[in-house]
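Trainee: I'm new to this one, so could we walk through it together?

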Amino acid sequence: MVHLKFKSYSILLIQNFYSILESSKYKLLLKNLVHLPVSLNTFTIKKSPHVNGRFKETYQLSTFSSGCSIGPLNEKELRNFLGFLKYFRVVGLGINVDISP
C-alpha cells in the first residue's frame, strides 16, 4: 500500500494533480482524496523602522494538505508508479510517499 500526502499553498494544485492521477492507469487502485485541516501561519511586519510601532501589517499564509492511498502494488508496479510521480512534477506541490507492506 502506498500512502501519498500532498502539501501546497494552493488547493488547486492538489486538485489538478489528483485529477492527473485519476486519469492515469492507477485509477482503479486509487482511494478517495482526504483533505486535511488547513494550517495557518500568521506574521506581523512593521511598515518602516522609522514609523510609530502601531503601524504594522498582518499577513496570513495558508498551507493545504491532502492525502490518498494507492494499492496494493507489486514491486514492478511500484517502480512504474514512482517513475510516474517523477515524470509529473508540479512546481509548488510537495508530495510525501510512504510505502507500507
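Mentor: Sure. Two strands pair if DSSP finds at least two bridges between them, and strands (E, at least two residues) and helices (H or I, at least four) are DSSP runs numbered from the N terminus. This is a predicted model, where local features need pLDDT of at least 70 and side-chain atom pairs count only at pLDDT 80 or more, while totals for chains, interfaces and linings use all residues. Residues are numbered from 1 along each chain as its sequence is written, and side-chain values use heavy atoms, with hydrogens and water left out.

Trainee: In what order do the elements of the protein chain run from the N terminus?

Mentor: The protein chain has two helices and four strands. Starting at the N terminus, the order is β-α-β-β-α-β.

Trainee: Which residue in β4 is the bridge partner of Leu4?

Mentor: Leu4 belongs to strand β1, residues 2-8. β1 pairs with β4 (residues 93-99) in the antiparallel sense, over seven bridges. In β4, Leu4 has as its bridge partner Val97.

Trainee: And which residue in β3 is the bridge partner of Phe6?

Mentor: β1 also runs antiparallel to β3 (residues 56-70), with seven bridges joining them. Across from Phe6 in β3 sits its bridge partner, Ser66.

Trainee: Which side chains along β1 point to one face and are buried?

Mentor: In a regular strand the side chains alternate between the two faces of the sheet. Buried means under 20% relative accessible area (1.4 Å probe, protein chains only). In β1, His3, Lys5 and Lys7 point to the other face and are not buried, which leaves Val2, Leu4, Phe6 and Ser8.

Methods. Buried < 20%, exposed > 50% of the residue type's maximum accessible area, 1.4 Å probe, protein only.
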